[in-house]
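Good morning, and thank you for making time for this item. Please look at the sequence and the structure as they come up, and I shall then take you through the contacts.

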Amino acid sequence: MTAASSAARDSGPTLAQRLRIRGLDGVTLLVVPCVLLAIALFVYPFFYGLWLSFQPKNGGAALTNYQRFFTEPFLSKTIWTTLRLALPVTLLNLFLAVPIAFRVRLMKRQRLLTTILVLPITLGTVLIAEGMLFYFGPQGWLTRTLMWLGVISQPLHVVHTYWGVFLSLVIAIFPFTFLLTLSYVTGIDPSLEQAAATLGASPAARFREIFLPLLLPGLAITFCLSFVQAFSVLPSAVLVGDPANTTRVISIAAYQAAFEEYDYSLASAIAMIMGAVQLMVVVVVLGGRTLLYRGPVAAAKG
Amino acid sequence: MTVATTKFETLRLEDMSRDFGTFNALKGLNLTIRRGEFIALLGPSGCGKTTALNCIAGLLDVTGGRIMLDDTRIDTLRPEERGFGMVFQNYALFPHMSVRRNVGFGLKMRGVPKAEIAARVDAVLATVRLSSQADKLPGQLSGGQQQRVAIARAIVIEPPLVLMDEPLSNLDAKLRLEMRGEIRRIHQSLGSTTIYVTHDQEEALSLADRIVVIREGVIRQVGTPAELYASPAHLDVADFMGFRNRVPGKVIARDGDLVTLDVGDGARLIGHARDGVRDGAVGIAMARPDDLAPTDAASGIPATIETIEYRGREYHGLARTAGGLEVFFSAPSAHPVGDLVRLGADPDRVLVYPEEKP
C-alpha cells in the first residue's frame with residue numbers, strides 16, 4: 001500500500017462525504033438558478049420597494065406615505081373594499097370545491113374534467129372579463145334571453161358592479177381552488193371511510209369525524225393561496241367592476257399612485273400595505289392550522 | 001338505523017355474485033356459516049376472496065344472489081346498517097384519533113353513553129394488551145400494535161360477525177406468528193364468528209375451523225383444515241395446499257384406490273386415486289416436497305439435483321428429470337449439486353388426480 005492511500009484511509013470521511021451527511025450534494029446545486037431568480041425577481045424588488053416607500057416624493061418624514069394612506073379614507077378604504085371581495089370569493093370557492101371534489105374523487109374520467117376546469121386558468125382574467133361583458137352585459141345574452149322570456153323588464157346590472165368582479169373572480173380562481181382541494185381529498189385513504197362505515201358511521205358522520213379533520217389543514221393552505229390571488233385582483237376590477245366605487249380595490253390605488261400621480265414612493269407604500277394585509281390573513285389562517293391534526297392522512301402504518 | 005347487532009345462527013351466501021363490468025369476480029358463491037365458526041377464505045391473489053369479504057361487509061354491492069343473516073336479507077343494507085366488525089389489511093386506523101378514540105369510535109356512532117364507552121374501551125384494550133398505549137396516536141405505534149388496535153376497534157362493538165382481510169400480511173414473520181395466536185385467542189374468548197381472508201395456507205390451517213378455497217371466483221372446496229390438508233378435492237386445491245410436485249404418468253395398475261403411475265424413465269409412483277382417474281389414461285401424481293425423498297428403490301424417479309438448501313432439520317432441494325420436469329424434495333443429508341438421485345414417496349402421501357381439461 002502506498003503512503004498516499006494510507007493517508008487517505010486514516011483521514012476519516014472525505015469533505016464530500018461530510019457535506020453529504022449535512023444534506024449538501026450535487027443535487028443541491030440544482031436549486032441555485034431558482035434561488036438567483038427569486039433574489040432577482042422577488043427579494044431585490046421587495047427591499048427596493050420597501051426602501052422606496054420610506055422616501056416620500058415631496059420630501060418629509062419616512063412614514064409620510066403610510067400616514068397619508070391611513071388618514072385619507074379614499075386610500076385606506078381600499079383595504080376594506082378588497083377584503084370585501086377577496087374573502088367571500090375565497091370562501092365561496094372552497095365551499096363549492098369541497099363537495100364537487102368529493103364526487104369527482106370517485107369518478108373514472110377525472111382527467112377530462114380537470115382539463116375542462118384548467119381552461120379558465122389558462123384564459124386569464126382579461127378573456128374571462130371580456131366573455132362576461134358579452135354574456136352578462138346590458139346587451140348580453142343573459143339579459144336578452146331573460147327579457148325575451150319576460151322574466152325581467154330592465155337590463156340586468158351585473159357587469160360594472162361589485163357582483164361582476166365577484167363572479168369573474170369566482171370563475172378565475174375556482175379551478176385553482178378546486179384542483180388543490182381535489183388533491184387533498186384524494187390523498188385521504190378511502191379505507192378510512194370504509195372503516196368508519198363498518199363501525200356504523202353515517203355518511204354525514206364520516207364527513208364530520210374523518211374527512212373534515214383530515215382535510216382542514218389542506219383547506220387552510222388552499223384558502224391562503226386562493227385568497228392571495230383574489231386579493232391582488234386588478235384587471236377584472238377595472239374591466240367588469242365599478243373601479244371608482246365598490247370595486248376600487250387596493251391594487252387600483254397602487255396603480256393610480258404609480259401611473260397617474262407618478263408617485264412611485266406612495267405606490268410602493270401601498271404595495272407594502274397590501275402585502276402586510278395578505279400576510280396578516282395568511283398568518284391568522286395558518287396559525288389556526290397549528291391547532292389541528294397535521295399528520296399523515298393515509299391509514300397509519302408503522 | 002337498523003344495526004344488526006343481534007346474535008344469529010347462520011349467515012348464508014346464496015348464489016352471491018359480483019361483476020366488475022364484464023369481469024365476473026364472484027360466480028355464484030353458496031356457503032353457510034354457523035355462529036361461532038372461524039372461517040378462512042383461502043385463495044391466490046385475484047381469486048375473489050377479498051371481493052367476497054367486501055360484499056359481506058357491504059363495502060361492495062352484490063350483482064347477483066343474496067346474503068341472509070338467519071331470515072333477514074342483509075345484502076340490501078349499507079355497511080353502517082350491517083354492524084359487522086372489519087379489520088382491514090392496512091388497518092385503516094384513523095390517524096388523527098388516539099388509540100382510545102379509534103377503538104371507541106364504533107360505540108360513539110351507536111350513541112353509547114360516554115362512561116360506558118370508556119369502560120368498554122378499557123376492557124377491550126386490556127384484551128388486546130394495549131392498555132398502556134391508549135393515548136397515543138396510531139402513527140406512534142408499531143405494526144403489531146396497530147394491528148391489535150384494528151382488532152380491538154372491530155370487536156369492541158360486539159359484532160355478530162368479524163371480518164378480517166389479510167390482517168397479518170403487513171407484519172414480519174415473527175410478529176405474524178404471535179398475532180395469529182392472538183387472533184385465535186380473541187376469537188375463542190369472545191365466542192365471535194370470524195371470516196378471515198388469507199392467501200397463506202399455513203395461516204388458514206392453523207386458525208380456521210373450516211377453510212373455503214376460492215379460485216377464479218368459484219368455491220373449489222370447503223372443509224376442515226385436516227380434510228383440506230390430507231385430501232384436496234381438486235388438482236388446483238392440492239397445488240394450493242402445498243402439493244408442489246406435479247408428476248404426470250400413465251395409470252398402469254390399480255389396487256383398490258391405490259393406482260400405479262408409469263412416470264417415464266422406468267420410474268413408478270403409487271398413490272391414492274381421486275375421482276375420475278381412469279385405468280390406461282394419464283393421471284397426475286401430486287406430492288409435497290416434504291414427502292418426496294431420495295430412495296434406493298429402482299422405481300424412484302431419476303433426477304439431477306440443481307439446488308439444495310439447508311432448512312435446519314433437513315435439506316430441501318430442487319431436481320430436474322431427464323424430461324425437464326422440476327421436482328422438489330427433502331433429504332436428511334446434503335447431496336452435491338449435479339448428483340443423479342432417485343426420488344420416491346410413501347404411497348399414502350401421494351394423490352393422483354385425473355388430467356385437467358383445459
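Between domain 1 of chain A and domain 2 of chain A, the count of salt bridges is 0. I should say at once that this is a predicted model. As for the make-up of that contact, the side of domain 1 of chain A that touches domain 2 of chain A has 3 nonpolar residues, 2 polar residues and no charged ones. A salt bridge requires a side-chain nitrogen of Lys or Arg within 4 Å of a carboxyl oxygen of Asp or Glu, so a side with no charged residues is in keeping with a count of 0 salt bridges.

Polar contacts, on the other hand, are found there: 3 residue pairs across the interface of these two domains, both residues being at pLDDT 80 or more.

Where do the two domains of chain A lie in the sequence? The assignment places domain 1 at residues 1–53 and domain 2 at residues 62–289. Their centres, taken over C-alpha atoms, are separated by 39 Å. In the contact itself, 5 residues of domain 1 of chain A meet 8 residues of domain 2 of chain A. Together the two domains bury about 470 Å², with 63% of that area on carbon and sulfur atoms.

Let me turn to the contact between the chains. Chain A contributes 27 residues and chain B contributes 32 residues. The size of an interface is often given as the accessible area lost when the parts come together. For chain A and chain B that buried area is about 2,300 Å², and carbon and sulfur atoms give 66% of it.

How many salt bridges cross the interface of chain A and chain B? The rule finds 2. One of them joins the side chains of Arg206(A) and Glu80(B), at 3.2 Å from N to O. In addition, 7 residue pairs are in polar contact between chain A and chain B, again with both residues at pLDDT 80 or more.

My last topic is the cysteines. Over all chains, the search finds 0 disulfides. Cys47(B) is in no disulfide, and the nearest cysteine sulfur, that of Cys55(B), is 13 Å away. Is Cys47(B) buried or exposed? Cys47(B) is buried, at a relative accessible area of 3%. Cys224(A) also counts as buried, with 6% relative accessibility.

Conventions:
Residues numbered from 1 in each chain as written. Chains lettered and ligands numbered in written order. Predicted model: local features only at pLDDT ≥ 70, side-chain atom pairs only at ≥ 80, totals over all residues. Heavy atoms only, no water. Domains from an automatic or database assignment. Contact = heavy atoms within 4.5 Å. Buried area = accessible area lost by both parts, 1.4 Å probe. Polar contact = N/O pair within 3.5 Å; in protein donor to acceptor, adjacent residues only side chain to side chain. Nonpolar A, V, L, I, M, F, W, Y, C, P; charged D, E, K, R; others polar. Disulfide = S-S within 2.5 Å. Buried < 20%, exposed > 50% of the residue type's maximum accessible area, 1.4 Å probe, protein only.
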